[in-house]
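Thanks for sharing this one. Here are a few friendly notes to read alongside the coordinates.

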Amino acid sequence: MSRFPTGEVIDLVEFATADVDMSGVCVNVKNTRSYACAGSAYDGVPEISNAPAESRYLVTIRLGPDREFPSTMAHRKTSPPVEVACWREALVTVAAHEAKHIDQYRRGHQRSEVACERLAAWVLEVFRWGYEPASTRVAAPSRESRIERMSSAVPTKIGVSRSV
């Protein structure tokens, strides 16, 4: 069970993954003590998982304590550096990144960390635009980043496991 409010976690994961088909995906959000955040997406479900039997894929997201934020996400040279200010931003960023991997698995596409990092940066940009007070906004997210980074998958609801 994570230390974060279950309803808010579900809402944030659904927001972050809205552009990816998440049917048959189990998402577990867990605590960690030693770092800000991390995630894993599995093409299949490991035998030791607590995922429901009907799950075809598994995403595990780990979130650290407040003292670990702000934190700069690991990234490739061709991806934008992303700093997350709090657990909410970390959850949105990691969930979007791992959802992109699920999309790659479903479509049989090459695994690309850069594509995942770029999508995650864009989703975080949209999240901040929608949730920050108007007085802190500088500019709207660029149309170019939407065209380049959005998935074309139809949005669906996410199945979040009870271990959230």
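**Notes on strand E3 and its neighbours**

1. A good place to start is a single pair: tyrosine 42 stands opposite leucine 58 in strand E3. Please keep in mind throughout that this is a predicted model.

2. That pair belongs to a longer match. Strand E2, residues 37–42, runs antiparallel to E3, and six bridges join them.

3. E3 has another partner in strand E1, which covers residues 25–31. Here the pairing is parallel and extends over seven bridges. One of the contacts to look for on screen is valine 27, whose bridge partner in E3 is valine 59.

4. Is E3 mostly covered or mostly open? Mostly covered: of the seven residues in this strand (57–63), six are buried. For comparison, buried residues account for 43% of the chain's 164 residues. As background, side chains in a regular strand alternate between the two faces of the sheet.

5. Now for the whole chain. It contains four helices and six strands, and their order along the sequence is α-β-β-β-β-β-α-α-α-β. A helix therefore opens the pattern and a strand closes it.

6. How far apart in sequence are the residues that touch? Counting contacts between residues at least 6 apart, 71% join residues at least 24 apart.

7. Last, the surface. About 8,800 Å² of the chain is exposed, and 51% of that area comes from carbon and sulfur atoms.

Conventions: Residues numbered from 1 in each chain as written. Predicted model: local features only at pLDDT ≥ 70, side-chain atom pairs only at ≥ 80, totals over all residues. Heavy atoms only, no water. Buried < 20%, exposed > 50% of the residue type's maximum accessible area, 1.4 Å probe, protein only. Helix = DSSP H or I, 4+ residues; strand = E, 2+ residues; numbered from the N terminus. Pairing = 2+ DSSP bridges. Contact = heavy atoms within 4.5 Å. Areas by Shrake-Rupley, 256 points an atom, 1.4 Å probe, with all protein chains shown as cover.
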